[in-house]
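Visitor: Hello! I have just opened this structure and would love a short tour. Could you walk me through it?

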Amino acid sequence: MRNHLSIICFILVILAPFTGTGSTLQQASPTIVDYIYCNSNIITIDDSSSLFEAIAIKDGIIVALGSNEEILSNYEAENNQCYNLEGRTIMPGIIDGHTHYMASLFWIGETETIYESQILALANGYTTLNEKSIDMGEFQWLQEAEQSNTLRLRVNAFLIYNYAWLENNESVLVEHWNPDLEPLLNHDRKFRVPGFKIYLDGAYGHRGFPAMSDPYTQEMIDLWGIINPYGDLYFNQSELNSVVDSFHDRGFSVAVHAMGDRATETILNSIEYALNGTDNDNARHQIEHNSFIREDQIAKALSLNTIHSVRGYFPTYWQQEYADLYSSIWMERTVNRYSLPGEGLHSYLETDFGFLHGYDEDNWSKSANIRPFLHLWGLVTRKAIDINGTIHEPDPWVAEHEITVEQALRMMTIEGAYAVKQEDYIGSLEVGKYADIIILTADPLTIDPDELKDIEVMLTMVEGKIEFQMASHSFPITCELSTPGTDTTPWTILLSITGICVIVLITTKKIRIK
């Protein structure tokens, strides 16, 4: 009996250092990293919708995700930069798939303060801006900013092929681009050029109006000063086929402004022509706005695997005006864009934000708003706040296509990364990806949807560097592996087992003596 107990104790003592409550073995000495954030709620946006408690970051890269015990047992932060988030939420940095933030800074002359001028975007949680209207001046300015290390977030520039207006009812081409220019797709650069922007139809005023397959009513023509009753298509099918095919052959993605359904039809045909039977997964051609996309066009988009922008914040406060002006068919088409994520199409957040017409921090009514969580609220609830601060509930036709919080968060992160061929580097929190993260005041997955708009960003990190932190808050440097009195490290277990074995053997010996 005593021999058997001796053998059992020996085996337990040998195995003790390799046991523990975590799912991974503790290293002999911890790996040194730059940052650890623990006691958090980490929304990864990975394919499995994984959630974790802690994250370790080194040299701008995510090196580990796991439970508090797994991370704190195996990693140690330099300079005591191990922060206890006290349950707060971490998620990937926001990617605006269609913005004019940086370009409009150039347009209004804010060229000397580029470093400081990025703080509004960073404070709102943006770590990547996909700029959808870059001309030569902006292009050179952003290149210089990258070279001087004053670019604090990622910028993907889509260079303009033509201007966003008509002259004598004709599109105005941009003719100063070098014909030998190639895409700039280096993943380790802050400034990249994945594609060209093409304006295909109008929007309002001197730009003309969205190109529709059905004519505008006389009431609309009189109200808005419309000249062409079917709207304005900047290029015919043959012209656009040639342009898209040329960019496709040069390796550029095209991002095409198409609001009316006739414009959407034209660009879908051109993308099909350029792809020539191949899949869009390599080219990443995309359609902007999709303001009146038809159901048959959604089916064609699915067959081509095209990518689409969706404005997050619909002006629901105008829903009655729309209902009074639009036919039932137009009403249906104007909200069809919100069905795209549910249909399985790649769809990313479009804020369309810019400074050209001024910025008012207190104006929550503007559809092209910079606040990402106002867009999240709009996507999920389809509610909107008017200029007087009144919240408007959506009528059934506006609320028809449901978007879940999970779908909307993907639109705000990984889908924007996919649109510019960076989904393997940013857009989700996974080991080996860049540490582009934000810390939030609330968990968007669990709070009441009506509170989504009030979420604030406490910290924004780009490639492992803290670029913004809420002035009114600092995080405690008190990450602990376990609560007092419950030390479960392997060596503690070893000592405990050894003690028990000694007691058992002594007791057994005493029994035999008796």
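Guide: Gladly, and please keep in mind that this is a predicted model. We can begin on the surface, where W107, I108 and L356 form a nonpolar patch.

Visitor: About how much accessible area do W107, I108 and L356 have together?
Guide: These three residues make up one nonpolar surface patch. Taken together, their accessible area is about 280 Å².

Visitor: Is L356 buried, partly exposed or exposed?
Guide: L356 lies in the loop between β19 and α15. Buried means under 20% relative accessible area and exposed means over 50%. L356 has 48%, so this residue counts as partly exposed.

Visitor: And S365, is it buried or exposed?
Guide: S365 is also found in the loop between β19 (346-350) and α15 (372-381). Leaving aside residues up to four places away in sequence, S365 touches Y313, Y317, I385, D386 and I387. Its relative accessibility is 8%, and the limit for buried is under 20%. S365 is therefore buried.

Visitor: Which helix gives the largest share of the largest nonpolar core?
Guide: That core has 128 residues, and Y37, I90 and F373 are among those with the most contacts inside it. The largest share of this core is 6 residues, and they come from helix α9 (residues 261-275).

Visitor: How many residues are in the second, separate core?
Guide: This second core includes V33, I36, A54 and A64. Its total is 12 residues.

Definitions and conventions: Residues are numbered from 1 along each chain as its sequence is written. This is a predicted model: local features need pLDDT of at least 70, side-chain atom pairs count only at pLDDT 80 or more; totals for chains, interfaces and linings use all residues. Side-chain values use heavy atoms; hydrogens and water are left out. Helices (H or I, at least four residues) and strands (E, at least two) are DSSP runs, numbered from the N terminus. Buried means under 20% relative accessible area, exposed over 50%, partly exposed in between (1.4 Å probe, protein chains only). Contact means heavy atoms within 4.5 Å. A nonpolar core is a set of buried Ala, Val, Leu, Ile, Met, Phe, Trp, Tyr and Cys residues joined through side-chain atoms within 4.5 Å. Patches are made of residues with over 30% relative accessible area and no salt bridge: like charges are joined within 9 Å, nonpolar side chains (Val, Leu, Ile, Met, Phe, Trp, Tyr) within 5 Å. Accessible areas come from the Shrake-Rupley method with a 1.4 Å probe; for residues, only the protein chains shown count as cover. A salt bridge is a side-chain nitrogen of Lys or Arg within 4 Å of a carboxyl oxygen of Asp or Glu.
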